[in-house]
Amino acid sequence: MMKRKILPLFIFVLTASTILAQVNITFEINTATIPSVDAAGMFIAGGTGFIGNELVPHFEKLNHEVLVLGRTKIDKPNYHQWDGKTLGEWKYELKGTDVLINLTGKSVDCRYTEKNKKEIFDSRTNSIEVLEKAFNEINWTPKSWIQASTATIYRDEYESPNDEE
């Protein structure tokens, strides 16, 4: 099995403010954390989620070739649907990838029952294993692998609802 160094880099900063009872999220993307590769081939797993929906257009505007894996089916040639745990024909698209950004994972917008905690954990570790297997099968190693997962902004409360108050 090929050993790969997974970079635990923070590539964005989230700030939230409440305006007219709606929460607006602003992404400040520090592209200095992405290797300096002209028009890098990027593969964003989890690219149809909350963060991915911001990162994909950002890197496309910078002329990066961006391929996306996500649970949501999107009818575009650079988007591939997957479940985060099963290897598919998309693996061949990884060949030539310079940067892999893995954002895959079950939403943390749920109660922390034992079942949900297991799903949150497994959804992150399963995707890493599948992506590693895909790279091994096509005999390719990206120059950078950025692994990013979410954490909640609310306290770990089981008895009452959490809100912005």
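Here are a few worked exercises on this predicted model.

**Exercise 1. What pattern do strands and helices follow along the sequence?**

Start by counting elements: the protein has 2 helices and 7 strands. Now walk along the chain, and you get β-β-β-α-β-β-β-α-β. For some background on the whole protein, 37% of its 165 residues count as buried. The exposed surface comes to about 10600 Å², with carbon and sulfur atoms supplying 52% of it. As for contacts between residues at least 6 apart in sequence, 63% of them join residues at least 24 apart.

**Exercise 2. Work out the strand order of the open sheet, and find which strands stand at the edges.**

Step one: go pair by pair. S3 (residues 41-45) and S6 run parallel and are joined by 4 bridges. S3 also pairs with S4 (residues 65-70), in the parallel sense over 5 bridges. Gly41 is a handy place to check this, since it stands opposite Glu65 in S4. On to S6 and S7 (residues 144-147): they run parallel too, with 4 bridges between them.

Step two: put the sheet together. The 5 strands line up as S5-S4-S3-S6-S7, with parallel pairing, and the sheet is open. S5 (79-81) and S7 each have a single partner strand, so one side of each lacks a neighbour in the sheet, and these two are the edges.

Step three: look at the twist. On average, neighbouring strands in this sheet are turned by 15 degrees against each other, direction ignored.

**Exercise 3. Take strand S6: are the residues on its two faces buried or exposed? Then find what stands opposite Ile101 in S3 and in S7.**

Begin with the faces of S6 (residues 99-102). One side carries Val99 and Ile101, the other Leu100 and Asn102, and all of them are buried. Both faces of the strand are therefore covered, taking buried as under 20% relative accessible area.

Next, look sideways from Ile101. Ile44 stands opposite Ile101, and S3 is the strand that 4 bridges join to S6. In S7, the bridge partner of Ile101 is Ile146.

Finally, trace the connection. From S6 the chain passes through helix H2 (residues 114-138) on its way to S7, and this β-α-β crossover is right-handed.

**Exercise 4. Which residues do ring pairs link into a cluster, and how are the rings arranged?**

You'll need two numbers for each pair: a pair of aromatic rings is described by the distance of the centres and the angle of the planes. The structure holds 3 aromatic pairs, and two of the residue pairings are worked through here.

Take Phe43 and Trp90. Their ring centres are 6.5 Å apart and the planes meet at 35 degrees, so this pair is tilted. Phe43 sits in strand S3, while Trp90 belongs to the loop between S5 and S6, so the pair ties together parts 47 residues apart in sequence. Check burial as well: Phe43 has 0% relative accessibility and counts as buried. Trp90, with a relative accessible area of 5%, is buried too.

Now Trp82 and Trp90. Here the centres lie 5.3 Å apart with the planes at 75 degrees, so this pair is edge-to-face. Trp82 is buried, as is Trp90.

Put the pairs together, and there's your cluster: Phe43, Trp82 and Trp90, linked by ring pairs.

Conventions: Residues are numbered from 1 along each chain as its sequence is written. This is a predicted model: local features need pLDDT of at least 70, side-chain atom pairs count only at pLDDT 80 or more; totals for chains, interfaces and linings use all residues. Side-chain values use heavy atoms; hydrogens and water are left out. Buried means under 20% relative accessible area, exposed over 50%, partly exposed in between (1.4 Å probe, protein chains only). Two strands pair if DSSP finds at least two bridges between them. A crossover is right-handed if, with the strands pointing away from the viewer, the path from the first strand over the helix to the second runs clockwise. Axes are lines fitted to C-alpha atoms, for helices over the stretch in contact, and angles run from 0 to 180 degrees between N-to-C directions. Rings of Phe, Tyr and Trp (its six-membered ring) pair if their centres lie within 6.5 Å; planes under 30 degrees apart count as stacked, over 60 as edge-to-face and the rest as tilted. Contact means heavy atoms within 4.5 Å. Accessible areas come from the Shrake-Rupley method with a 1.4 Å probe; for residues, only the protein chains shown count as cover.
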